[in-house]
Amino acid sequence: MRRLERDRPSINPSDKFSFWEVFRSLSSPQVIFMFIIFFMLGTTLYGLALFLPSIVNQLGFSPNKSQLLSVGPFAAGFFITFLVAYLSDKYNSRGIPSAIVSMLAVIGFAVYLRTDHKFTAYGSLYLTVPGVYACAPMLCAWMANNSEPYYRRATSVAIGFVATNAGGILSTWRFPTKEGPRFRKTTIMDLTFSVLIVVFCLINMLYLNWRNQQKKKQRTALLAPYADEKRSDGGERAWIELGDQHPDFIYTL
């Protein structure tokens, strides 16, 4: 509870549902940026989740070996996910570690696209899978970190899952057997999406940093409609109505 309260300065029992909070979530630039990121991540993530054994099989490995060899990249992703999640929380940073991890996917997809050697292609999956899967938890946390109050945050998280699953729908059509084992068109698409995830993470960071600076400069003007003789900062009412736009709410970068 103490960790949640430190993370959410406006926790209070009077937080009520309204469609206005849903609209404010949908119209937040940081939520829109994250929606785009989640769609691209969902496309690459579900593609690997659903088709990795088929990809390995088409590289020339037997069906049984393909199932076994599919375990290795996900095992690597498991450990990388724990490591970067720990570091992300320790340094309270989401954008930079997400961008760095996504670069692993960029390298992995690039190697897979260019190599003609099946073992090199298989080895590239040890970059691709961690680069996609380890990014997801940090992005989920980033979406939640920067939306407030409760129902705006809940809407933002839900929007992230909608985008991810929409990407999953796209991925189901992107691995026709006739295009294996390289799946050139799909690999180019996944490579492009991974690069764009890096770009949009950096753009979102720059935007959030700019918003933090703007709120500092405009603090008095933002709180003026809620200030009274007792509470110059507007008190609970300011937190409820402004949410993440409150000048004392610091966006997580």
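**Entry 1: the loop between helix 8 and helix 9**

I began at proline 149, which I found in the loop between helix 8 and helix 9, in what is a predicted model. The peptide bond that leads from glutamate 148 into proline 149 is cis, and its omega is near 5°. I noted this down because most peptide bonds are trans.

I then looked at the two tyrosines that follow. The ring centres of tyrosine 150 and tyrosine 151 lie 4.9 Å apart with the planes at 80°, so I entered the pair as edge-to-face. Tyrosine 150 is partly exposed, because its relative accessibility comes to 42%, and tyrosine 151 is also partly exposed, at 28%. Following the ring pairs outward, I found that they link Tyr150 and Tyr151 with Phe17 and Phe19 into a cluster.

On the helix 8 side I looked up alanine 144, which belongs to that helix, residues 135-145. Its relative accessibility is 16%, and since buried means under 20%, alanine 144 counts as buried. Leaving out residues up to four places away in sequence, I recorded Arg153 and Val157 as what alanine 144 touches. For valine 157, which is 13 residues further along the chain, the C-alpha separation from alanine 144 is 6.1 Å.

**Entry 2: the loop between helix 9 and helix 10**

Next I went to the loop between helix 9 and helix 10, where proline 181 lies. The bond from glycine 180 to proline 181 is cis, with omega near 0°. In this loop I also found phenylalanine 183, whose phi is positive at about 45° although the residue is not a glycine. I marked the value because most residues other than glycine have a negative phi. Phenylalanine 183 counts as buried, because its relative accessibility is 3%.

Arginine 174 has its place in the loop between helix 9 (150-171) and helix 10 as well. With a relative accessible area of 25%, arginine 174 is partly exposed. Setting aside neighbours within four places in sequence, I listed Lys185, Thr186 and Met189 as its contacts. I also checked arginine 174 against glutamine 214, and these two, 40 residues apart in sequence, have C-alpha atoms 43 Å apart in space.

**Entry 3: the loop between helix 5 and helix 6**

I looked up asparagine 92, which sits in the loop between helix 5 and helix 6, and found its phi to be positive, near 50°, in a residue other than glycine. Serine 93 is likewise in the loop that runs between helix 5 (71-90) and helix 6. Its relative accessibility of 17% puts serine 93 among the buried residues. Beyond its neighbours within four places in sequence, serine 93 is in contact with Ser88 and Leu253.

**Entry 4: aromatic pairs**

I searched the whole structure for aromatic pairs, and the search returned 17. One of them joins phenylalanine 61 and phenylalanine 119, edge-to-face, at 5.8 Å centre to centre with 75° between the planes. Phenylalanine 61 lies in the loop between helix 3 and helix 4 (63-69) while phenylalanine 119 is in helix 7, so I noted that the pair ties together parts 58 residues apart in sequence. At 11% relative accessibility, phenylalanine 61 counts as buried.

**Entry 5: cavities**

My search of the whole structure for cavities of 30 Å³ or more gave three. The largest of these holds about 100 Å³ of space. I counted 13 residues in its lining, and those closest to the centre are Leu48, Ile55, Phe109, Tyr112 and Thr187. Helix 3 (29-58), helix 6 (95-114), helix 7 (118-133) and helix 10 (184-217) are the elements that each give two or more residues to this lining. By class, I entered seven nonpolar, four polar and two charged residues for the lining of the largest cavity.

**Entry 6: the chain as a whole**

I closed with the chain, in which I found twelve helices and zero strands. The C-alpha trace spans about 75 × 35 × 30 Å along its principal axes. Of the 253 residues, 48% are buried, and the chain exposes about 13,300 Å², of which carbon and sulfur atoms supply 66%. Among contacts between residues at least 6 apart in sequence, I recorded that 77% join residues at least 24 apart.

Key
Residues numbered from 1 in each chain as written. Predicted model: local features only at pLDDT ≥ 70, side-chain atom pairs only at ≥ 80, totals over all residues. Heavy atoms only, no water. 1 Å grid on protein atoms, 1.4 Å probe; cavity = no way out; pocket = protein on both sides within 12 Å on 5 of 7 lines; lining within 4 Å. Points joined across faces, edges and corners; volume = space filled by probe spheres on them. Helix = DSSP H or I, 4+ residues; strand = E, 2+ residues; numbered from the N terminus. Nonpolar A, V, L, I, M, F, W, Y, C, P; charged D, E, K, R; others polar. Buried < 20%, exposed > 50% of the residue type's maximum accessible area, 1.4 Å probe, protein only. Contact = heavy atoms within 4.5 Å. Areas by Shrake-Rupley, 256 points an atom, 1.4 Å probe, with all protein chains shown as cover. Phe/Tyr/Trp six-rings, centres within 6.5 Å; stacked < 30°, edge-to-face > 60°.
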